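Please take some time with the sequence and the model shown below. The report that follows goes through the structure one part at a time.

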Amino acid sequence: MTKESPTPIELSFFERDQHDRTRRWLGANNLETIQQSTVLMVGAGAVGNEVCKNLGLLGVGKIILVDPDKVAASNLNRCIFFRPGDHEAKFKVEAVAERLPELATNTVVEPHAATIQQAPDSVWDTQLVLVGVDNHYARYLLNAKNFSFNPPHPLINGAMGKDFVSVEVLAPPHTACLVCSWSKDFVDHVVANEVRTRCDPFFVDTVPRFPMISFVTSVVGAVMAWEAVRVLVGLKQWRETGQWQDGLEPALGRFIKYDLNRHQAASGQIMVNPRCSETFCRDKRKHK
Ligand SMILES: [Zn+2]
């Protein structure tokens with residue numbers, strides 16, 4: 001009598017599924033929610049590249065991408081979707097829209113080569129706004145625009161210095177808005193500076209080029225994507241019940257800072273400013 005060998009487990013069954021590991025990590029229902037989600041990513045530079053890569057690999061359904069700039073060779077040290085031949089030939093949003101689907105087969109990228117103030121209102125047809133811009137004026141304008149929606153969209157803002165990254169997770173009027181922590185003087189400066197740089201080309205040419213490398217933007221892109229996941233999987237339930245998914249609560253109303261020199265992370269509440277420079281912020285809070 002021959003001894004029957006047990007049927008070998010068909011490992012390759014799981015290996016053929018691009019989303020197998022994500023499904024195990026997030027759960028099938030959450031993966032499905034992610035795959036049906038739409039996000040607005042403002043900024044297609046280094047932070048935008050990283051966030052798009054992370055959310056694309058997760059299988060996010062649609063990324064609406066807004067950025068007015070063309071690729072420059074100097075971007076190539078930190079942007080996974082740009083190539084040397086793109087220099088001044090391709091808009092940043094075009095490069096990401098063309099190459100992200102090579103990795104992210106579930107993700108549609110809708111590119112808009114425009115500033116957020118020039119982009120059509122349809123870009124705001126989203127569940128979440130991710131901000132990866134290099135100037136406070138754009139933050140100021142998109143924060144104000146976000147208040148025209150009822151309710152305003154949750155908003156995740158990424159920023160960095162030479163050796164730190166910072167992420168803010170906001171859902172005004174339940175939390176502070178993007179400019180609650182800005183003083184009136186700072187807001188005036190941001191607006192005045194924009195006028196000055198637009199009117200005088202000298203300032204455009206002499207704006208310092210910020211030093212940056214890929215692993216700093218990787219850290220900020222990772223924190224933003226992780227917070228985006230928790231917002232997206234729990235948003236519907238939170239709107240209905242005020243509760244996030246157990247174990248997947250986003251850092252709502254908080255900042256997350258990571259110091260790359262000291263390897264120190266910090267997180268804390270962003271205070272709501274009752275005298276916020278943004279009129280809509282004060283107004284919506286009164287009526288929430
Ligand atoms: Zn505010």
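## Strand pairing around β4, β5 and β6

In this predicted model, strands β4 and β5 run parallel and are paired over three bridges, one of which sets L130 against I156 as its bridge partner in β5. Between these two strands the chain passes through α6, and β4, α6 and β5 together make a β-α-β unit that is right-handed.

On the pairing of β5 with β6, the sense is antiparallel and six bridges are involved, with E168 in β6 serving as the bridge partner of N157. The connection between β5 and β6 is a hairpin of three residues.

## The enclosed strand β1

Strand β1, which covers residues 38-42, has five of its five residues buried, and it is therefore largely enclosed by the rest of the structure. In a regular strand, side chains alternate between the two faces of the sheet. For β1 both faces are covered, since T38, L40 and V42 are buried on one side, while V39 and M41 are buried on the other.

β1 pairs with two strands, β2 and β4, as follows. With β2 (residues 62-66) the pairing is parallel and extends over five bridges, and here L40 has I64 as its bridge partner. The path from β1 to β2 leads through helix α4 (residues 46-58), and this β-α-β crossover is right-handed. With β4 the strand β1 again runs parallel, joined by four bridges, and in this case the bridge partner of L40 is V129.

## The zinc site

Which protein atoms are the donors of the zinc ion? They are the SG atoms of C177, C180, C276 and C281, which lie 2.3 to 2.4 Å from the ion. The angles among the four donor atoms range from 102 to 119°, and the site is tetrahedral; the ideal angle for four tetrahedral donors is 109.5 degrees. Along the chain, the donors follow the spacing C-x2-C-x95-C-x4-C.

C177 belongs to the loop between β6 (164-170) and α7 (184-199), whereas C276 belongs to the loop between β8 (264-269) and α10 (279-286), so this pair ties together parts of the chain that are 99 residues apart in sequence. C177 counts as buried, with a relative accessibility of 2%, and C276 is likewise buried, at a relative accessible area of 0%.

## Aromatic pairs and a charge over a ring

The structure holds four aromatic pairs. One of them is formed by W124 and F149, which are stacked with 5.5 Å from centre to centre and 25° between the planes. W124 lies in the loop between β3 (108-112) and β4 (128-131), and F149 lies in the loop between α6 (136-146) and β5 (155-160), so the pair ties together parts that are 25 residues apart in sequence. Is each partner buried or partly exposed? W124 is buried, having a relative accessible area of 3%, while F149 is partly exposed, having a relative accessible area of 21%.

W238 and W244 form another stacked pair, with 4.9 Å between the centres and 10° between the planes, and both of these residues are buried. A contact of another kind involves K70, whose charged end sits over the ring of F91 at 5.2 Å from the ring centre.

## Backbone details in the loops

A cis peptide bond joins N150 and P151, with omega at about 0°, and P151 is found in the loop between α6 and β5. Another cis peptide bond joins P172 and P173, with omega at about 5°, and P173 is placed in the loop between β6 and α7.

Although E88 is not a glycine, this residue has a positive phi of about 55°; E88 is placed in the loop between β2 and α5 (92-103) and is exposed, with a relative accessible area of 57%. H263, also not a glycine, has a positive phi of about 55°. H263 lies in the loop between β7 (254-259) and β8, and is exposed with a relative accessible area of 57%.

## A buried glycine in α9

Helix α9 (residues 214-241) contains G221, which counts as buried at 0% relative accessibility. Measuring from C-alpha to C-alpha in the model, G221 and C180 are 23 Å apart in space, and the two residues are 41 apart in sequence.

Conventions
Residues are numbered from 1 along each chain as its sequence is written. This is a predicted model: local features need pLDDT of at least 70, side-chain atom pairs count only at pLDDT 80 or more; totals for chains, interfaces and linings use all residues. Side-chain values use heavy atoms; hydrogens and water are left out. Donors are N, O and S atoms within 2.8 Å of the metal (3.2 Å for Na, K and Ca); water is not among the atoms, so sites may look incomplete. Four donors count as tetrahedral if all angles lie between 85 and 135 degrees; four count as square planar and six as octahedral if opposite donors are over 155 degrees apart and all others between 65 and 115; anything else is irregular. Buried means under 20% relative accessible area, exposed over 50%, partly exposed in between (1.4 Å probe, protein chains only). Rings of Phe, Tyr and Trp (its six-membered ring) pair if their centres lie within 6.5 Å; planes under 30 degrees apart count as stacked, over 60 as edge-to-face and the rest as tilted. A charge sits over a ring if NZ of Lys or CZ of Arg is within 6 Å of the ring centre and within 35 degrees of the ring normal. Two strands pair if DSSP finds at least two bridges between them. A crossover is right-handed if, with the strands pointing away from the viewer, the path from the first strand over the helix to the second runs clockwise.
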